[in-house]
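Notebook open, coffee poured. Today I am looking up what sits at the heart of this fold and what surrounds the ligand.

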Amino acid sequence: MASKKANKIHGIITKAVTEDIIKDKKLFLVGVGPGSSRYLTDLAKDVIRKSKYLIGYKYTLSIIRDLIIPHFHQVYEVTMKDQEETYNQVFEKMEENEFCTIPFTGDVNFSESEVVDRLLEIFGNDNVELMPGISSIQVAAAKAKIPLDKTLVISFHVTEDIEDKKRELIKAIQDKKSVILVPRPWNNNAEKNFMQSEIALFLKKVGVDTSSLTAWVFEFLTTAEEKVFKGRLNELEGRDFSPMSVMVVDQVTRKTYLEFE
Ligand SMILES: C[S@@+](CC[C@H](N)C(=O)[O-])C[C@H]1O[C@@H](n2cnc3c(N)ncnc32)[C@H](O)[C@@H]1O
């Protein structure tokens, strides 16, 4: 496992000069936007072009497909099940001064930490650079015209326990905050599923008047299949939406600078 030591002098981190430095194998973890290649930043394109190794899930690789150069890039398509093996295999295979990019849907710093944290372990914190992308959450916020700074942004798309997150959700709704969330699809275990219908029923059960709240669901954002639902929260009960969706509970009260003069 790689780790390049860094010296911390008076709060400033300097590059290590030690005998046991692992040779540079640079890994870029790059947010590539929610689907359309038009949401790819120029910086993301640059690192993808210079990386010999590209590792990603099928959907994410499809976002960058036009950047793949057949006789240069070595592309590894992974699934949740086999990713661990591939990450280790590529790490072993990489030589000094070679680059690898792992594209992440949307922004790499939103709802990706279970994988990112593992990659930091395998490649070593100092060999990894994270590059932001435009999140599905940001696109949903823009479409619903919801300011992110007045919103609880929350991901249920995690394998860990979500009971604390559910409590956060209730509190935000009671505090009259808007909520933007990614739901939790769980194919083979209905109990772990926390999709739009379950979320609406859950909130009703804890006493929220779901018939008075505005909800949005955005499916397949920025792609040709993009779909938007807008209605009351209770209308989500019993409705199926794609796992590729973002849900918004809209409690925005608009306040302009004129009110604060
Ligand atoms: C593991 S999370 C990753 C989120 C991603 N890092 C981001 O910033 O958008 C995956 C979930 O994000 C949401 N998502 C990602 N892309 C989407 C899109 N194009 N349209 C709607 N939802 C999307 C879906 O809920 C999907 O199941």
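**Core.** I started with the largest nonpolar core, which has 56 residues; Leu29, Val30, Ala140, Ile180, Val246 and Val248 touch the most other members. Domain 1 (7-131) and domain 2 (136-250) both give residues to this core, so it lies between them. I kept in mind that this is a predicted model.

**Val248.** I picked one of those well-connected members and listed its contacts. Leaving out residues up to four places away in sequence, Val248 touches Ala140, Ala144, Ile146, Ser178, Val179, Ile180, Ala215 and Trp216. Ala140 and Ile180 are in that list, and both are also among the core residues that touch the most other members.

**Domains.** Next I looked up the domain assignment, which gives domain 1 (7-131) and domain 2 (136-250) for the protein chain. Their centres, taken over C-alpha atoms, are 29 Å apart. Nine residues from domain 1 and twelve residues from domain 2 make the contact. On the domain 1 side, I found three nonpolar, five polar and one charged residues touching domain 2.

**Ligand.** Which residues come nearest to the ligand? Out of 23 around the ligand, they are Pro34, Gly106, Ser135, Ser136 and Leu221. I sorted the shell by class and got eleven nonpolar, nine polar and three charged residues. Each of the two domains, domain 1 (7-131) and domain 2 (136-250), provides at least three residues of the shell. By element, helix H5 (136-144), strand S10 (214-219) and strand S12 (245-250) each supply at least two shell residues.

Note on methods
Residues numbered from 1 in each chain as written. Predicted model: local features only at pLDDT ≥ 70, side-chain atom pairs only at ≥ 80, totals over all residues. Near = placed C-beta within 6 Å. Helix = DSSP H or I, 4+ residues; strand = E, 2+ residues; numbered from the N terminus. Nonpolar A, V, L, I, M, F, W, Y, C, P; charged D, E, K, R; others polar. Domains from an automatic or database assignment. Contact = placed C-beta atoms within 7 Å. Core = buried A, V, L, I, M, F, W, Y, C linked by C-beta atoms within 7 Å. Buried ≥ 20, exposed ≤ 12 C-beta atoms within 10 Å, placed from the backbone.
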